[in-house]
Amino acid sequence: MNKNDESLTEIKQFQNVPELNSQDAIEFFNIGNICYNKEEYQNAIDAYSTAIRLDDKYKNAYFKRGIAYYHIKEYQKAIDDFSEIIRLDDKYINAYLNRGITYIDIEEYQKAIDDFSETIRLDDKDEMMYYNRGTAYIYIEEYQKAIDDFSEIIRLDD
């Protein structure tokens, strides 16, 4: 038995999943959610990663793994997961939103603004999208653009 087989056996025993196939991706995703809710982020990442290995188009698994990576401050891995979702579905608004938030944390403000602008393009009625972009504009000292975004929030919900 090689090392990969041993690791797979350990995962199967730990997760109590009898056989692995693409339908089991949901099982591992659910296990990841349980771990995530218990703030066991590395265990959640492991479960989400298994779900992704079983179904490499499982957008929600990429999303939750990205969020878990964010919590443990592995920002580039979070960005990679959010980017993969966008590659799979360029209308997945929460991937842009969370990638933008992650860009703010690593001080890549223009990239954050670009992502927040895309969220606004996808949903121009959500005040939080303008708030996020306005906040990013403050970081790069583009105050008029920040004021414009904050004014739009007031226009949308006075």
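Visitor: Which residue just after α8 takes a positive phi?

Guide: In this predicted model, that residue is Glu-141, with a phi of about 60°. As a general idea, most residues other than glycine have a negative phi.

Visitor: Where is Lys-73, and what is the sign of its phi?

Guide: Lys-73 follows α4, and its phi is positive, near 65°. The residue belongs to the loop between α4 and α5. With a relative accessible area of 59%, Lys-73 is exposed.

Visitor: What phi does Glu-107 have?

Guide: Glu-107 is not a glycine, yet its phi is positive, about 65°. Its place is the loop between α6 and α7, and its relative accessible area of 57% makes Glu-107 exposed.

Visitor: How does one read the length of a helix, and what span should α8 have?

Guide: The expected span is 1.5 Å times one less than the number of residues. Helix α8 covers residues 127–139, and its 13 residues should therefore span 18 Å. Its end C-alpha atoms are 19 Å apart, in agreement with that expectation.

Visitor: What caps the N-terminal end of α8?

Guide: Asp-126 does, with a side-chain oxygen 2.9 Å from the backbone nitrogen of Met-128.

Visitor: Which residues of α8 are buried, and against which helices do they pack?

Guide: A residue counts as buried under 20% relative accessible area. In α8 the buried residues are Met-129, Tyr-130, Asn-132, Arg-133, Gly-134, Ala-136 and Tyr-137. Their packing partners are α6 (93–105), α7 (109–122) and α9 (143–156).

Visitor: How does the span of α4 agree with its number of residues?

Guide: Helix α4 comprises the 13 residues 59–71, for which 18 Å is expected at 1.5 Å a residue. The end C-alpha atoms lie 19 Å apart, which agrees.

Visitor: Which residues of α4 are buried, and what covers them?

Guide: The buried set consists of Ala-61, Tyr-62, Phe-63, Lys-64, Arg-65, Gly-66, Ile-67, Ala-68 and Tyr-69. Their cover includes α2 (25–37), α3 (41–54), α5 (75–88) and α6.

Visitor: How should salt bridges be read, and how many are there?

Guide: The criterion is a side-chain nitrogen of Lys or Arg within 4 Å of a carboxyl oxygen of Asp or Glu. By this rule there are 14 salt bridges. One of them joins Asp-89 and Lys-59, with the closest N and O atoms 3.1 Å apart. Asp-89 lies in the loop between α5 and α6 and Lys-59 in helix α4, so the pair ties together parts that are 30 residues apart in sequence. Asp-89 is partly exposed at 22% relative accessibility, and Lys-59 is partly exposed at 29%.

Visitor: What is the N to O distance between Asp-56 and Lys-57?

Guide: Their side chains form a salt bridge at 3.7 Å. Asp-56 is partly exposed, at 46% relative accessible area, whereas Lys-57, at 55%, counts as exposed.

Visitor: What joins the side chains of Glu-152 and Arg-155?

Guide: They share a polar contact of 2.5 Å. Glu-152 lies in helix α9 and counts as buried, because its relative accessibility is 17%.

Visitor: Which residues make the nonpolar surface patch of about 290 Å²?

Guide: Ile-138, Tyr-143 and Ile-147 make this patch. Tyr-143 belongs to helix α9 and is partly exposed, with a relative accessible area of 47%.

Technical notes:
Residues numbered from 1 in each chain as written. Predicted model: local features only at pLDDT ≥ 70, side-chain atom pairs only at ≥ 80, totals over all residues. Heavy atoms only, no water. Helix = DSSP H or I, 4+ residues; strand = E, 2+ residues; numbered from the N terminus. Buried < 20%, exposed > 50% of the residue type's maximum accessible area, 1.4 Å probe, protein only. Contact = heavy atoms within 4.5 Å. Polar contact = N/O pair within 3.5 Å; in protein donor to acceptor, adjacent residues only side chain to side chain. Patch = residues over 30% accessible without salt bridge, like charges linked within 9 Å, V, L, I, M, F, W, Y side chains within 5 Å. Areas by Shrake-Rupley, 256 points an atom, 1.4 Å probe, with all protein chains shown as cover.
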